[in-house]
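This report introduces the structure shown below to a reader who has not met it before. Please look at the sequence and the model first, then read on.

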Amino acid sequence: MASDTRNLTDGRAADGAEDTYGPGGTEDTSGQGGTVSTYGPDGAYAPGGTDGTFGPGVAPVERPAATHQARNTSAAPPGADDRTPALAAPAPVPLPDASGPREPTTRLTAHGCWYPSADPAGAQVAFICDRGGVPQLWAGPVDGGEVRLLDSGPDPVREVAWSPDGRWIAYTTAPGGGEHLRVLCVRPDGTDRHILAGVEPGSSAYLGCWAHDGSAVAVTVAVPTAVPTLQEALAEPGATEPGGHVGRVPAGWSGRDRDAVLLGAAPLTGTGAGTPFASVTADATISGAPRDSRTAPASGSGDGLSAYLIDPDGVAAPVLLATETDAATLRVCDISRDGGLALLRRGPRGRREAVVLRTTDLTTTCVMPVADGDPWIGRFSPRADTLWLRSNAYREFAVLLAAQLDSEGRPRGWSVASEREGSDLELLGFSQGGRAAVLAWNVRGASEVEVVDTFPPGTADAVVGPPRPVPLPHEVVTRVTAAGSGRLALALSGSQRRPGVWWLSQGVSLLRTPWSSRDEDAVPPGRPPVRPVPLHVTARDGLRLHGWYYRAPGRGPEEPAPCVIHLHGGPEEQERPVFNPLYHEILGRGLDIFAPDVRGSSGHGRSFVDADLGTGRFAAIDDVADCAAQAVLAGPADPARLAVMGRSYGGYLTFASLVWHPDLFRTGVAVCGMSDFATFFEGTEPWIAQSAAHKYGHPQRDRELLHSLSPMSRIDALRAPVLAVHGEHDTNVPPRESEQFLRAARERGHAAELLTLHNEGHDFLRADNRRLFRRAAADWLERHLAG
């Protein structure tokens, strides 16, 4: 299960948050930061201890339980009822100055820089960098000179947004590396740092867009509310949700038996007659009036979400834009320049929606399905007469949609402004004045970027001019943002480098910022990164699968090698050809890696993403075995020395593969994986349960299906030793998921070890912990495969 913190990353960690995109540090021999746990023959849990492989153990840290309590509510939007109370508006909390040294930290020379956000002139860029060992907030000039650390605190930074007036930099942090976030503001010189939201125990806050004049920043606040437990709410018979569906069945589900097939949404009705893109035009507000049954909540549990506009100076009171209960996500993506319209993104994974909200009366004027992936889904034109969206509504791949808006914010009709056959529009950015759009296309895992003019001279409709390609020095773009007039800032990653920030000025070729890491800093000298080659697989049911094969250095082309099948999270993530420090570590031990996209992955069309729904998840488990077979048939992999490894949903597939295909793999490494869907739904965050119900199945109505899909239900079939790795503060997939699988494995006489990483959540963000994890996993794999 990928991190699904409502509006952060849609099953993909923010740029740099995972090894796929994320930088590590120079290798060292430190072993601090984790606890190695084993399970004795009687199943007793034995934490800590010293282990020569994993380094000194550290005593477990007791985690405080989240506080669940009813919240006082502020005034709700018109039309809201008592089911959707607004959460109390956050109050700013001043903090002491924590700006860091004016010289870059040099302890770690190999690092990454990502998530750029530029000042209005485009001369300075705020960004995230982990050169000090943890992702922190930095700022510096794009063309050279001194960079400065704006927050030297220990909490990892996740997102950054420089205000349009240049006075503030807003950013999010993850206290303790966990899933509950805070939104902060700081002056560009590092002064006046304060928390805008997320300071209360058990609460969380998420960054939205700035108002175009810089007067306010949008923040979504989530605080646990006093509601029935998840199991109680989902089990409630005959409960009726807004929209009329009964029994709290997730929206879009039908045929509620063991097949549990999630159907696509029915076409909407509205003003777009004659086009396949009709819009919802309703008088209902987003905050609780009846909606189409497609969008009704999946359950009656969870925390509420309220979106506010907050004055960073603290002079004006927060303004409530929208509130929802039982919500999976809610993010404010854009506000029109006149302040009259707001663009929000809401909904669970696989069923996201764009919502246009009229701010004067908080009326919803438009709802349109949008694609998963990057949460910044679109933007209004400068005069708010056009809406641009990145959407895969009623089609396989995401395109650029355009809608002309009337004076009330309602669309007159939809048209496709730009599309590519067989490729997703993955990122959508705009120039500072909004007169040019930047389109990043996902082409078989790599990125292709082009700039198009919106409303070219001599045109009146929402059309774009001819594309101007932007040559890329590396394979994948993770973020695109305006950097002054005629400039763009891009975060790039590739198979030979760590993430860096590049800038494009007046159509000239991209230039690397001098404070980004150099290519030669990506790895220690003497062993360059391995460029992967594509490998295609035909699954047993005929579905075409894709992946990347990494050949360990020094092996002949025909020499069989031990091979690790590595599975990404999500499952909606996608394997990309970028430098992965974990892969580099494993390859250095003489082990090959095959990293496939099994069904459910993104980048291959909407049908491929939905192919694992319901009973299709059994086929996804079989995909792992089919990929292992193809790695052997292709020649490089030794069939007697195969291992399976994965993180998050990939950790679930690792557990599942070890018990569904017990004679295929010699060992497994499961990282933050689910082992039992029942305990997962009980322990995960409420908003994650909301999305998971749509993706995996309803915890009550699909209870038998979820039980049969749970690795714990087949634990007696386990034959191989297993290592599990978990962050101690993971509330996405709680550590219990690893612990119960390992305990059961040990009770059956199998070797089982657990590495718990301190001060980490679902994503491992600290350089020392990441190195410890990589070294521990590679040691384990080498020990069990090298012989």
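Helices (H or I, at least four residues) and strands (E, at least two) are DSSP runs, numbered from the N terminus. Leu184 belongs to one such strand, β10 (residues 182-186).

## Basis of the report

This is a predicted model, in which local features need pLDDT of at least 70, side-chain atom pairs count only at pLDDT 80 or more, and totals for chains, interfaces and linings use all residues. Residues are numbered from 1 along each chain as its sequence is written, and side-chain values use heavy atoms, with hydrogens and water left out.

## The protein as a whole

The protein contains 10 helices and 41 strands. Of its 787 residues, 65% are buried. Buried means under 20% relative accessible area, exposed over 50%, and partly exposed in between (1.4 Å probe, protein chains only).

About 25700 Å² of the protein is exposed, and carbon and sulfur atoms supply 53% of that area. Accessible areas come from the Shrake-Rupley method with a 1.4 Å probe; for residues, only the protein chains shown count as cover. Contact means heavy atoms within 4.5 Å. Among contacts between residues at least 6 apart in sequence, 64% join residues at least 24 apart.

## The sheet β4-β5-β6-β7

Strands of a sheet pair through backbone hydrogen bonds, either parallel or antiparallel. Here two strands pair if DSSP finds at least two bridges between them. One open sheet has 4 strands in the order β4-β5-β6-β7, with antiparallel pairing. Its edge strands are β4 (113-118) and β7 (148-151), each pairing on one side only. From one strand to the next, the twist averages 30 degrees. For such angles, axes are lines fitted to C-alpha atoms, for helices over the stretch in contact, and angles run from 0 to 180 degrees between N-to-C directions.

The antiparallel pairing of β4 with β5 (residues 124-129) runs over 4 bridges. Within this pair, Ser117 stands opposite Ala126 in β5.

## Cys113 and Tyr115 in β4

Cys113 is located in strand β4. With a relative accessible area of 0%, Cys113 is buried. Leaving out residues up to four places away in sequence, Cys113 touches Phe127, Ile128, Cys129, Arg131, Pro499, Gly500, Val501, Trp515 and Ser516. Arg131 lies 18 residues from Cys113 in sequence, and their C-alpha atoms are 8.4 Å apart.

Tyr115 is also a residue of strand β4. Is Tyr115 buried or exposed? Its relative accessibility is 5%, so Tyr115 counts as buried. Tyr115 has a positive phi of about 55 degrees although it is not a glycine.

## The hairpin β8-β9 and Leu184

In strand β8 (residues 157-162), 6 of 6 residues are buried. β8 pairs with strand β9 (residues 169-173) in the antiparallel sense, over 5 bridges. Ala161 stands opposite Ala170 in β9. The two strands β8 and β9 form a hairpin with 6 residues between them, and Gly166 in the turn has a positive phi of about 80 degrees.

Which residues are in contact with Leu184, leaving aside its neighbours within four places in sequence? They are Leu95, Asp151, Ile169, Ala170, Tyr171, Thr173, Arg193, His194, Ile195 and Leu196. Leu184 counts as buried because its relative accessibility is 3%. Leu184 and Pro94 are 90 residues apart in sequence, with a C-alpha to C-alpha distance of 9.6 Å.

## The sheet β12-β13-β16-β17

Another open sheet has 4 strands in the order β12-β13-β16-β17, and its pairing is antiparallel. At its edges stand β12 (204-210) and β17 (319-324), each with a single partner strand, so one side of each has no neighbour in the sheet. Neighbouring strands of this sheet are turned against each other by 20 degrees on average, direction ignored.

Strand β13 (residues 217-223) and strand β16 (residues 304-310) pair in the antiparallel sense over 7 bridges. Val217 has Ile310 as its bridge partner in β16.

## Backbone exceptions in two loops

Most residues other than glycine have a negative phi, and most peptide bonds are trans. The peptide bond from Gly570 to Pro571 is cis, with omega near 10 degrees. Pro571 is in the loop between β36 (561-567) and α2 (581-587).

Cys672, a residue other than glycine, has a positive phi near 55 degrees. Cys672 is in the loop between β39 (667-671) and α6 (677-683). Because its relative accessibility is 0%, Cys672 counts as buried.
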